[in-house]
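Please open the model in your viewer and keep the sequence panel beside it, since each stop on this tour begins with a selection to make.

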Amino acid sequence: MAQLRSRSRARQRAFTLIELLVVIFIVGIMVSVAILSVSVLGKDTEVRDEMRRLESLIDMVREQGEMQNRDFGLRLENNASESAYQFLRFDVRRNEWLAVDDSLLRRRVLPPGVRARLYVEAREVQLRRPTDPKAPWPPQIMVLSSGDLTSFELRLEREGSDAEARMVGEADGTIEVKGPDEEKR
């Protein structure tokens with residue numbers, strides 16, 4: 001009889017396997033939510049990824065310009081609904097800038113809520129289309145056939161957040177990128 005009482009007391013004091021599994025499951029969900037919220041709030045991968053893509057495209061255009069002895073340019077635009085960028089090539093015969101007809105260098109729209117800000121010679125450049133649709137709209141950043149660039153600082157910023165990626169291009173063609181979660185490369 002004494003053994004039965006001690007066994008029943010042990011059962012009353014111990015947790016069942018189901019209770020332990022429920023507690024582990026709840027703790028797992030809480031940890032998952034905490035990790036997701038830190039990664040979502042801590043980093044803005046869209047801004048960083050878009051800046052890296054743009055850096056790669058500029059490098060590719062610079063190499064292509066050197067091989068083809070052709071001048072290219074990068075035109076950025078902000079309007080009420082979106083921000084975008086597009087690569088142009090200079091047509092010497094027509095003496096005008098034309099859109100590049102390449103799927104890699106097509107016009108690209110930035111993710112929603114991401115805006116571009118461009119500084120050339122420490123002055124902010126307005127990234128709006130001219131009001132006259134017939135007016136020429138040259139690129140703000142030149143990528144010359146010699147491999148040289150217009151010196152610039154480009155910032156991609158998330159609206160309503162302090163997430164920002166910066167790209168600094170020097171006249172000699174070097175580019176430095178700083179993302180919202182990375183240091184100088």
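A residue is called buried here when its relative accessible area is under 20%, exposed when that area is over 50%, and partly exposed in between. The model is a predicted one, and residue numbers count from 1 along the chain as its sequence is written.

**The whole chain**

Begin with a cartoon of the protein chain, in which there are three helices and 10 strands; read from the N terminus, the order of elements is α-α-α-β-β-β-β-β-β-β-β-β-β. Of the 185 residues, 35% count as buried, and the accessible surface comes to about 12,500 Å², with 54% of it belonging to carbon and sulfur atoms. Among contacts between residues at least 6 apart in sequence, 58% join residues at least 24 apart.

**A nonpolar surface patch**

Next, select Ile18, Val22, Phe25, Ile26, Ile29, Met30 and Val33 and switch on a surface: these residues form a nonpolar patch, with about 710 Å² of accessible area together. Val33, one of its members, is found in helix H2, which covers residues 17-42.

**The largest nonpolar core**

In soluble globular proteins, nonpolar side chains tend to be buried together. To see the largest nonpolar core of this model, which has 29 residues, select Ile58, Leu76, Phe87, Phe152, Leu154 and Met167, the members that touch the most other members. At least two core residues come from each of helix H3 (45-68), S1, strand S2 (83-91), strand S5 (114-120), S7, strand S8 (152-158), strand S9 (164-169) and strand S10 (175-178). H3 gives the most, with six residues.

Now centre the view on Phe87 and display what surrounds it. Leaving aside neighbours within four places in sequence, Phe87 is in contact with Leu54, Leu57, Ile58, Val61, Gly73, Leu74, Ala99, Val100 and Leu105.

**Salt bridges**

Side chains of opposite charge can pair when their charged atoms come close. Across the whole structure, 13 salt bridges are found, and three of them make useful stops.

Which residue meets the side chain of Glu77 in a salt bridge? The partner is Arg129, at 3.6 Å from N to O. Glu77 lies in strand S1 (residues 72-78) and Arg129 in the loop between strand S6 (123-125) and strand S7 (141-143), so this pair ties together parts that are 52 residues apart in sequence. At a relative accessible area of 6%, Glu77 is buried, whereas Arg129, at 53%, is exposed. Add Glu82 and Arg107 to the selection, and you have the four residues that are linked with one another in a network of salt bridges: Glu77, Glu82, Arg107 and Arg129.

Move on to Glu124 and Arg117, whose side chains meet in a salt bridge at 3.2 Å, N to O. Glu124 counts as partly exposed at 41% relative accessibility, and Arg117 is partly exposed as well, with a relative accessible area of 28%.

Then select Arg155 and Glu153, a salt bridge at 2.8 Å, N to O. Here Arg155 is partly exposed, with a relative accessible area of 21%, while Glu153 is buried at 17%.

**A buried arginine without a salt bridge**

Select Arg108, which is found in strand S4 (residues 108-109). Arg108 is buried yet has no salt bridge, and the nearest side chain of opposite charge, that of Glu50, is 5.8 Å away. Because a salt bridge requires the side-chain nitrogen to be within 4 Å of a carboxyl oxygen, that distance to Glu50 does not qualify. Beyond the neighbours within four places in sequence, the contacts of Arg108 are Arg53, Leu57, Ser83, Ala84, Tyr85 and Ser103.

**Last stops: a pair and two loops**

Show the C-alpha atoms of Gln68 and Ser145, which are 77 residues apart in sequence but 7.6 Å apart in space. Gln68 is found in helix H3 and counts as partly exposed at 41% relative accessibility.

Most residues other than glycine have a negative phi. Two residues to inspect with this in mind are Asn95, which has a positive phi of about 60°, and Glu121, with a positive phi of about 55°. Asn95 lies in the loop between S2 and strand S3 (96-99) and is exposed at 57% relative accessibility; Glu121 lies in the loop between S5 and S6 and is exposed, with a relative accessible area of 71%.

Note on methods: Predicted model: local features only at pLDDT ≥ 70, side-chain atom pairs only at ≥ 80, totals over all residues. Heavy atoms only, no water. Patch = residues over 30% accessible without salt bridge, like charges linked within 9 Å, V, L, I, M, F, W, Y side chains within 5 Å. Areas by Shrake-Rupley, 256 points an atom, 1.4 Å probe, with all protein chains shown as cover. Helix = DSSP H or I, 4+ residues; strand = E, 2+ residues; numbered from the N terminus. Buried < 20%, exposed > 50% of the residue type's maximum accessible area, 1.4 Å probe, protein only. Core = buried A, V, L, I, M, F, W, Y, C linked by side-chain atoms within 4.5 Å. Contact = heavy atoms within 4.5 Å. Lys, Arg positive; Asp, Glu negative; His and termini not counted.
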